[in-house]
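These are my notebook entries on one protein model, written down in the order in which I looked things up.

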Amino acid sequence: LWYKDGVRVTSGITAAKLQVIRVADDTDLIAETAMTGGAAGRMRYGAVGGERITPGVAYTAIATATIDGATRTDERIIGQRSV
């Protein structure tokens, strides 16, 4: 989901990209790649095979998109707990 000035944006989102980096060694799990649009401004990328995260490993997900001519970036630490 995308927000502009704290308000959810549901249209006019272009050039959406995703990159996922392993925190431990700063290497790409997913090199910067385009996301596709979904309903109500939801953007997505379907990871396949070796692009899937490993439980217990930390990653940084970086999402960028253009909204109203300005580039927006969101960066978050993500992971899946080991079981």
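Is R72 buried, partly exposed or exposed? I looked up its relative accessible area, which is 24%, and because buried means under 20% and exposed over 50%, R72 counts as partly exposed. I noted that R72 lies in strand 8, which covers residues 70-78. Leaving aside neighbours within four places in sequence, I found R72 in contact with W2, K4, A63, T64, A65 and I67. For one of these, K4, I also looked up the separation: R72 and K4 are 68 residues apart in sequence, and their C-alpha atoms are 8.4 Å apart in space.

Entry on the model as a whole. I remind myself that this is a predicted model, with an average pLDDT of 90 and with 99% of the residues scoring at least 70. Among the elements, strand 1 (residues 2-4) has the lowest mean pLDDT, 85, whereas strand 4 has the highest, 96. I counted zero helices and eight strands. The C-alpha trace spans about 40 × 25 × 25 Å along its principal axes, and of the 83 residues 27% count as buried. I also wrote down the accessible surface, about 5400 Å², of which 50% belongs to carbon and sulfur atoms. Among contacts with a separation of 6 or more, 49% join residues that are 24 or more positions apart.

Entry on the sheet. In which order do the strands of the open sheet stand? I read the order as 4-3-7-8, four strands with antiparallel pairing. Strand 4 and strand 8 stand at the edges and have a single partner strand each, so one side of each is left without a neighbour in the sheet. From one strand to the next the twist averages 10 degrees. As background I noted that strands of a sheet pair through backbone hydrogen bonds, either parallel or antiparallel.

Entry on the strand pairs. I followed strand 7 and strand 8 first, and they pair in the antiparallel sense over nine bridges, with Y59 opposite I78 in strand 8. Strand 3 (residues 13-22) and strand 4 (residues 28-34) are also antiparallel, over four bridges, and here I21 stands opposite D28 in strand 4. Strand 3 and strand 4 form a hairpin with five residues between them.

Entry on phi angles. Which residue in the turn of that hairpin has a positive phi? I found D26, with a phi of about 60 degrees although D26 is not a glycine. I made a note of this because most residues other than glycine have a negative phi. D26 lies in the loop between strand 3 and strand 4 and counts as exposed, at 62% relative accessibility. A15 is another entry of this kind, since A15 is not a glycine and yet has a positive phi of about 50 degrees. The place of A15 is in strand 3, and at 49% relative accessibility A15 counts as partly exposed.

Entry on the core. The largest nonpolar core has 15 residues, and those with the most contacts inside it are W2, I13, V20, M35 and M43. Strand 3, strand 4 and strand 7 (59-67) are the elements that give two or more residues to this core, and strand 7 gives the most, with five residues. The background here is that nonpolar side chains tend to be buried together in soluble globular proteins. I then looked at M35, which, not counting residues up to four places away in sequence, touches W2, A16, K17, L18, M43, R44, Y45, A63 and T64.

Entry on T60 and V57. T60 is found in strand 7 and is buried, with a relative accessible area of 12%. Beyond residues up to four places away in sequence, T60 touches Q19, V20, I21, V23, E75, R76 and I77. V57 is found in the loop between strand 6 (43-44) and strand 7, and with a relative accessible area of 28% V57 is partly exposed. Outside that same range of four places, I listed I78, G79 and Q80 as the residues that V57 touches. Last, I checked V57 against A15: the two are 42 residues apart along the chain, and their C-alpha atoms are separated by 28 Å.

Technical notes:
Residues numbered from 1 in each chain as written. Predicted model: local features only at pLDDT ≥ 70, side-chain atom pairs only at ≥ 80, totals over all residues. Heavy atoms only, no water. Pairing = 2+ DSSP bridges. Core = buried A, V, L, I, M, F, W, Y, C linked by side-chain atoms within 4.5 Å. Buried < 20%, exposed > 50% of the residue type's maximum accessible area, 1.4 Å probe, protein only. Contact = heavy atoms within 4.5 Å. Axes fitted to C-alpha atoms, helices over the stretch in contact; angles between N-to-C directions. pLDDT = per-residue confidence, 0-100. Areas by Shrake-Rupley, 256 points an atom, 1.4 Å probe, with all protein chains shown as cover.
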